[in-house]
Amino acid sequence: MLLTTPITFVGGKGGVGKTTLAAARALALADAGLRVLVLSTDPAHSLGDALEASLSDEPVEAAPRLWACEPDAEAAVRRRIAQVAEDARRAVPTAVMPAVHRHLEQAGSSPGMAESALADLLIDRMEEVGDRWDALVVDSAPTGHLLRLLHLPTLLTPWVVGLTRQRERANRAEAFADVVGRAEPEEDDDPLLRRLHARRHRLERASARLREDAVVALVTVPRRMVLAETARAVDQLADAGFALDRVVVNQIPPAGAAGPDTAAALAATRERFAEQGTVEVPLQDTEPTGVERLRHLAAHLGTRLPA
């Protein structure tokens, strides 16, 4: 696995071993002397199982210079709703608050809320890179989730801009109606507007950083169906302007081992990704969990420190 940027997303189809490879990669960087955070964005967290460590929402040290966490998206949703309710309490009439609470309760259970909250948690950690961490390794959810996660800052920005404009129009209307009020209300008087501006700037920074400081390492296995999904993901990520690392071909059985078309699928995988290159990892004799077995696995990845 090649690393030339401080942020690496390790993704791929479910079951290809991306969590163990993300943990192994992070461990190799920590062993090289970097302060590394590895975090899971997979709703079905298994990073703690790979590291044989008890992980939580906050980073815990799993090995020297290696911290790991499994963000709690549901808790983040609850914190966000509480914050919005508090902002609303200071910005809207008291009589309106019951309706605000009903709306927030519905919004909290809406599709995409947990994903959005998870993206916020990820952005928090991305903003710590260069200060608290030298490198960030993200154990991503399966391919579809990874693509949505990477696109989310860009997709959310116009939505936040629209909300900001609506709020600004509402403020101007209130000022016009208030003949003794100010002609232009100060942004500091409106916590909702201030928070919307801050969120827009944060999303714009995250979107730019994902393209400037991050690389995506996709993991596959020598199976034709997995190759097809990986190829589609490579095309979509490249078209969207994301930097791609070499494709990691994991769990390659010994030559001559029985398997469903393994040799032909491996040859097709090498041919498909010949331009960007591949890293090949043999099938391990034992399940690669725990620090020492992950170190053994990392030896196959080929480490290059962030530039």
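What follows is a working chat about a predicted model of a protein.

Me: What does the secondary structure come to?
Reply: The protein has 10 helices and nine strands. This is a predicted model, so the values are computed from predicted coordinates.

Me: And how much of it counts as buried?
Reply: Of the 307 residues, 47% count as buried. The accessible surface comes to about 14,900 Å², and carbon and sulfur atoms account for 54% of that surface.

Me: Among contacts between residues at least 6 apart, what share join residues at least 24 apart?
Reply: The share is 78%.

Me: OK, strands. Is strand 1 mostly covered or mostly open?
Reply: Mostly covered. Strand 1 spans residues 7-12, and six of its six residues are buried. I7, F9 and G11 point one way, T8, V10 and G12 point the other way, and all are buried.

Me: Which strands does strand 1 pair with?
Reply: Strand 5 is one of them, in the parallel sense over four bridges. Strand 1 also pairs with strand 6 in the parallel sense, over six bridges.

Me: Which residues stand opposite F9 and V10?
Reply: F9 has V216 of strand 6 opposite it. For V10, the bridge partner is D139 in strand 5.

Me: D139 again for strand 2, or what stands opposite S40 there?
Reply: D139 in strand 5 stands opposite S40. Strand 2 and strand 5 pair in the parallel sense, with five bridges between them.

Me: What else is joined to strand 2?
Reply: Strand 4, residues 66-69, is joined to strand 2 by four bridges, and the two run parallel. Within that pairing, V36 is opposite L66.

Me: How many residues of strand 2 are buried?
Reply: Five of the five, residues 36-40, so strand 2 is largely enclosed by the rest of the structure. Both faces are covered, with V36, V38 and S40 on one side and L37 and L39 on the other.

Me: Now strand 8. What does it pair with?
Reply: Strand 6 is joined to strand 8 by two bridges, and they run parallel. Strand 8 also pairs with strand 9, residues 278-282, in the parallel sense over four bridges.

Me: Where does V249 come into that?
Reply: In both pairings. V249 in strand 8 is the bridge partner of T220, and E280 in strand 9 is the bridge partner of V249.

Me: Is strand 8 enclosed or open?
Reply: Largely enclosed by the rest of the structure, because five of its six residues, 247-252, are buried.

Me: Where does V221 lie?
Reply: V221 lies in the loop between strand 6 (214-220) and helix 8.

Me: Buried or exposed?
Reply: V221 counts as buried because its relative accessibility is 9%, and the cut-off for buried is under 20%.

Me: What is V221 in contact with, leaving aside neighbours within four places in sequence?
Reply: V16, V226, V249, N250 and Q251. As for L266, its C-alpha is 8.0 Å from that of V221, and the two residues are 45 apart along the chain.

Me: Different loop. Is D131 buried or exposed?
Reply: D131 is exposed, with a relative accessible area of 61%. D131 lies in the loop between helix 5 (113-126) and strand 5 (135-139). From D131 to R35 the C-alpha separation is 9.8 Å, with their positions 96 residues apart in sequence.

Me: Helices, then. At what angle do helix 8 and helix 9 pack?
Reply: About 10 degrees, with the axes 10 Å apart; helix 8 covers residues 224-239 and helix 9 residues 262-272. That makes helix 8 roughly parallel to helix 9.

Me: Which residues meet there?
Reply: R224, L227, A231 and D235 from helix 8 meet A264, A265, A268, T269 and R272 from helix 9. By class, that contact has five nonpolar, one polar and three charged residues.

Me: And how do helix 1 and helix 10 cross?
Reply: At roughly 90 degrees, with axes that come within 8 Å; these are residues 18-31 and 291-298. Helix 1 and helix 10 are therefore roughly perpendicular to each other.

Me: What meets what in that one?
Reply: On helix 1, T20, L21, A23, A24, L27, A28 and D31; on helix 10, V291, L294, R295, L297 and A298. The residues of this contact divide into nine nonpolar, one polar and two charged.

Conventions
Residues numbered from 1 in each chain as written. Predicted model: local features only at pLDDT ≥ 70, side-chain atom pairs only at ≥ 80, totals over all residues. Heavy atoms only, no water. Axes fitted to C-alpha atoms, helices over the stretch in contact; angles between N-to-C directions. Parallel < 35°, antiparallel > 145°, perpendicular 65-115°, else oblique. Contact = heavy atoms within 4.5 Å. Nonpolar A, V, L, I, M, F, W, Y, C, P; charged D, E, K, R; others polar. Buried < 20%, exposed > 50% of the residue type's maximum accessible area, 1.4 Å probe, protein only. Areas by Shrake-Rupley, 256 points an atom, 1.4 Å probe, with all protein chains shown as cover. Pairing = 2+ DSSP bridges.
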